[in-house]
Amino acid sequence: NVFTDILTAHAGIWIEGTHEQDQVDNNIIFGVKEAEKLTPPEVETGGDSGFYVLGTDKLIVANNLIANCTRTGVHFRTEEIRIIGNRGGLSREDKVYNNIFYNTGESSINFENEHNEADGNVYAGPRSGYLKILTPGRPELLDILAARDYHGWEKNGRTASIQATLDPDKLQLTLSVNGDIPKIKTFNGVSITSDFFGTRTGEERLPGAFADLSQPFKDRSIDPRGVR
């Protein structure tokens, strides 16, 4: 899927109230802006994001390109008082793996608590403290090294210099990456062995939605309805 040029109070992708494992991979989210005066107070800290994940456990967000979001790339929030089945949503055991975050506003990932995981992500153009743990108490504003040292996350994560633009009408993407980004293994036995274009990648693949970043994209069509 391609989500682009979105004006919203919430997010490009909203996931709510699930206790069983779901997975969202190989998507492009490029351009999420705030709809003025529409953001409700209860989503103020997470609206205008690539993903808004409410009261959801065990979610896997993997191998996506998330870019140009006003607020953050992926935002998690508990919904502990809403009972689905016999319990509330704890925002635990969520996993954010092998994504590329480019120009994602105030942060790239906002975890509600520390009972989650992040690894293999590439962060480009974020501000300081781009990986956050929001509760309990005052938030923790982390970078890759702090996340690795104090929580065991991002053992394969890295930062990179990336330039990217997208024409939302023509769905033409220009993308260049400075420096080498190595392939890494898929995780937890979850096999994502083809990329956004359907190219087979095998058991190891690059972060993000594309199997090959060695050559800059120059006005490449990412229209999923077209012939690839």
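These legends go with close-up views of a predicted model.

**View 1. Phe-111 and Trp-153 form an edge-to-face aromatic pair.** Let's begin with one of the ring contacts; the structure holds 9 aromatic pairs. The ring centres of Phe-111 and Trp-153 are 5.2 Å apart and the planes meet at 65 degrees, so this pair counts as edge-to-face. The two partners come from distant parts of the chain, 42 residues apart. Phe-111 belongs to strand E13 (residues 107-111), while Trp-153 sits in the loop between helix H1 (144-151) and strand E18 (158-159). Both residues are buried.

**View 2. Strand E13 pairs with E8 and with E16.** Here you can follow the strand that carries Phe-111. The pairing of E13 with E8 is parallel and runs over 3 bridges, with His-75 standing opposite Asn-110 of E13. E13 also pairs with E16 in the parallel sense, again over 3 bridges, and here Phe-111 faces Ile-133 of E16 as its opposite residue. Is E13 buried or exposed? Of its 5 residues, 5 are buried, so the strand is largely enclosed by the rest of the structure.

**View 3. The largest nonpolar core has 28 residues.** Good places to centre your view are Phe-51, Val-74, Ile-109, Phe-111 and Leu-131, which touch the most other members of this core. Elements giving two or more residues to the core include strand E2 (11-16), strand E5 (49-54), strand E8 (72-77), E13 and strand E16 (131-133). Which element gives the largest share? That is H1, with 3 residues. For a closer look at one core member, pick Ile-109: beyond its neighbours within four places in sequence, its contacts include Val-74, Val-96, Phe-101, Tyr-123 and Leu-131. Asn-121 and Lys-132 are also among the residues in contact with Ile-109.

**View 4. Another core, of 26 residues, lies apart from the largest one.** Among its members are Ala-164, Leu-175, Phe-196 and Phe-210. Two of these names return in the ring cluster of the next view, where ring pairs link Phe-196 and Phe-210 with Phe-197 and Phe-217.

**View 5. Four phenylalanines, Phe-196, Phe-197, Phe-210 and Phe-217, are linked into a cluster by ring pairs.** Within the cluster, Phe-197 and Phe-210 are stacked, at 5.4 Å centre to centre with 25 degrees between the planes. They are 13 residues apart and link distant parts of the chain. Phe-197 lies in the loop between strand E21 (184-185) and strand E22 (204-205), and Phe-210 in the loop between E22 and strand E23 (217-221). With a relative accessible area of 14%, Phe-197 counts as buried; Phe-210 is buried too, at 3%. Look next for Arg-220, which lies over the face of Phe-197, 3.9 Å from the ring centre. The charged end of Arg-220 also sits over the ring of Phe-217, at 4.9 Å from its centre.

**View 6. Strands E19, E20 and E23 make an open antiparallel sheet.** The order of the 3 strands is E19-E20-E23. Strand E19 (161-167) and E23 are the edge strands, each pairing on one side only. On average, neighbouring strands are turned by 20 degrees against each other, direction ignored. Strand E20 (residues 172-178) is joined to E23 by 3 bridges. One residue to find here is Leu-175, whose bridge partner in E23 is Phe-217. This brings us back to the ring cluster, of which Phe-217 is a member.

Conventions
Residues are numbered from 1 along each chain as its sequence is written. This is a predicted model: local features need pLDDT of at least 70, side-chain atom pairs count only at pLDDT 80 or more; totals for chains, interfaces and linings use all residues. Side-chain values use heavy atoms; hydrogens and water are left out. Rings of Phe, Tyr and Trp (its six-membered ring) pair if their centres lie within 6.5 Å; planes under 30 degrees apart count as stacked, over 60 as edge-to-face and the rest as tilted. Helices (H or I, at least four residues) and strands (E, at least two) are DSSP runs, numbered from the N terminus. Buried means under 20% relative accessible area, exposed over 50%, partly exposed in between (1.4 Å probe, protein chains only). A charge sits over a ring if NZ of Lys or CZ of Arg is within 6 Å of the ring centre and within 35 degrees of the ring normal. A nonpolar core is a set of buried Ala, Val, Leu, Ile, Met, Phe, Trp, Tyr and Cys residues joined through side-chain atoms within 4.5 Å. Contact means heavy atoms within 4.5 Å. Two strands pair if DSSP finds at least two bridges between them. Axes are lines fitted to C-alpha atoms, for helices over the stretch in contact, and angles run from 0 to 180 degrees between N-to-C directions.
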